[in-house]
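Trainee: I have a chain on screen and some questions about it. Can we go through them one at a time?
Mentor: Yes, show it and start.

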Amino acid sequence: MSTTLYTLISAGAIAVVVTSFLVSGNDNPQAADSGADKSGVVVLTSANFDAETQSDGGSTTGIWFIDFYASWCGHCKHLHPIWESFANREDIKGVLNVGKIDCDKHKDVCSRFSVQGYPTLNLLANGRMYRYVNKPRTEEEFKNFALDGYLNEESVAIPKPSGAKDVVKNELEAAWKDIKLVVTQRPQASTIIFSLGFLSGMVVSIVIFTFTSSKGAAAVTSKKRD
């Protein structure tokens, strides 16, 4: 493989990585606040989801009604005050756990639960998952569904946590999805970001090639002297 081709391929690969990093940002999902916030809703994250719900063992710590949302979603923003008010109802306290998880920050959990749109409301109980779909998003309807209405709905087994291979796959898919979103909605910004990534890749590739070439030349010179 020629030096030029090697450099271009390496630069392109690094450009994709840098672009993905710049697009997705440097949020650390593990560092997000967890536990119940002031609203009474339990804030779930990649780090505490299974510890709080115990869903990885095929069961749950009681009944969990969870809002899988995205921070940019208009419908999610409209639901938040209703969801918070619902979490503080006296007639569900001690009977039901109300939680929420930000799918922008915790893509692995949302991918595990096959979240396709926002908001997605899932109820977890006794090792089964019940989807709240095509129903009014009101406190009273949430209460009726969570206390016993879900028993009349179809359910699926709570999905198990992904293995290491699936986690990597999900992260790559999420990164690629972010890149496509920026390219579609902000083409000028994406051009600048990719150009910066490509230039960074070129510099890194040239440095690596120069270093390895100099080592090779030094080794040949030393061998000739011997």
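Trainee: Is tyrosine 130 buried or exposed?
Mentor: Keep in mind that this is a predicted model. Tyrosine 130 is found in strand β6. The cut-off for buried is under 20% relative accessible area. Tyrosine 130 has a relative accessible area of 9%, so the residue is buried.

Trainee: Which residues are in contact with tyrosine 130, leaving aside its neighbours within four places in sequence?
Mentor: Contact here means heavy atoms within 4.5 Å. With those neighbours left aside, the partners of tyrosine 130 are Leu121, Asn122, Leu123, Ala125, Phe145, Tyr150, Glu153, Glu154 and Ser155.

Trainee: How many residues apart in sequence are tyrosine 130 and glutamate 153?
Mentor: Glu153 is one of the contacts of tyrosine 130. Their C-alpha atoms are 6.8 Å apart in space. In sequence, the separation is 23 residues.

Trainee: What pattern does the chain follow along the sequence?
Mentor: Start with the inventory: the chain has seven helices and seven strands. Read in sequence order, they give α-β-β-α-β-α-β-α-β-β-α-β-α-α.

Trainee: What percentage of the chain's residues are buried?
Mentor: The chain has 226 residues. Its accessible surface comes to about 13400 Å², and carbon and sulfur atoms hold 57% of that. The buried share of the residues is 35%.

Trainee: Among contacts between residues at least 6 apart in sequence, what share joins residues at least 24 apart?
Mentor: Take contacts in the chain, and keep those between residues at least 6 apart in sequence. Of these, the share joining residues at least 24 apart is 69%.

Trainee: How are α3 and α5 oriented to each other?
Mentor: Helix α3 covers residues 74–87 and helix α5 covers residues 139–147. Their axes come within 9 Å and cross at roughly 55°. Angles under 35 degrees would count as roughly parallel, and 65 to 115 as roughly perpendicular. The two helices are therefore oblique.

Trainee: What is the handedness of the crossing, and which residues make the contact?
Mentor: α3 passes α5 in a right-handed crossing. From α5, the contact uses Glu139, Phe142 and Lys143. From α3, the residues are Leu79, Ile82, Trp83, Ser85 and Phe86.

Trainee: How do the residues of that contact divide into nonpolar, polar and charged?
Mentor: The α3 with α5 contact mixes classes. The division is five nonpolar, one polar and two charged.

Trainee: Which residues of α5 are buried?
Mentor: Look first at the cover: it includes β3, α3, β4 (96–102), β5 and β6. Lysine 143 lies in α5, and at 15% relative accessibility this lysine counts as buried. The full list for α5 is Phe142, Lys143, Phe145 and Ala146.

Trainee: Which residues does lysine 143 contact, leaving aside its neighbours within four places in sequence?
Mentor: Lys143 is part of the α5 side of the contact with α3. Beyond those sequence neighbours, lysine 143 is in contact with Phe86, Arg89, Asp91 and Ile92.

Trainee: Which two residues does the cis peptide bond join?
Mentor: Most peptide bonds are trans. Here, omega is about -10°. The bond joins tyrosine 118 and proline 119.

Trainee: Is proline 119 buried or exposed?
Mentor: Proline 119 sits in the loop between α4 (107–112) and β5 (120–125). Leaving aside neighbours within four places in sequence, its contacts are Asp67, Phe68, Cys73, His75, Cys76, Leu79 and Arg137. At 9% relative accessibility, proline 119 counts as buried.

Trainee: What is the phi of glutamine 54?
Mentor: Most residues other than glycine have a negative phi. Glutamine 54 lies in the loop between α2 (49–53) and β3 (63–69). At 38% relative accessibility, glutamine 54 is partly exposed. Its phi is positive, near 60°.

Trainee: Is asparagine 134 buried or exposed?
Mentor: Asparagine 134 also has a positive phi, near 55°. Its place is in the loop between β6 (128–132) and α5. The cut-off for exposed is over 50%. With a relative accessible area of 83%, asparagine 134 is exposed.

Key. Residues numbered from 1 in each chain as written. Predicted model: local features only at pLDDT ≥ 70, side-chain atom pairs only at ≥ 80, totals over all residues. Heavy atoms only, no water. Axes fitted to C-alpha atoms, helices over the stretch in contact; angles between N-to-C directions. Helix = DSSP H or I, 4+ residues; strand = E, 2+ residues; numbered from the N terminus. Parallel < 35°, antiparallel > 145°, perpendicular 65-115°, else oblique. Left-handed = near helix turned anticlockwise from the far one by under 90°. Nonpolar A, V, L, I, M, F, W, Y, C, P; charged D, E, K, R; others polar. Buried < 20%, exposed > 50% of the residue type's maximum accessible area, 1.4 Å probe, protein only. Areas by Shrake-Rupley, 256 points an atom, 1.4 Å probe, with all protein chains shown as cover.
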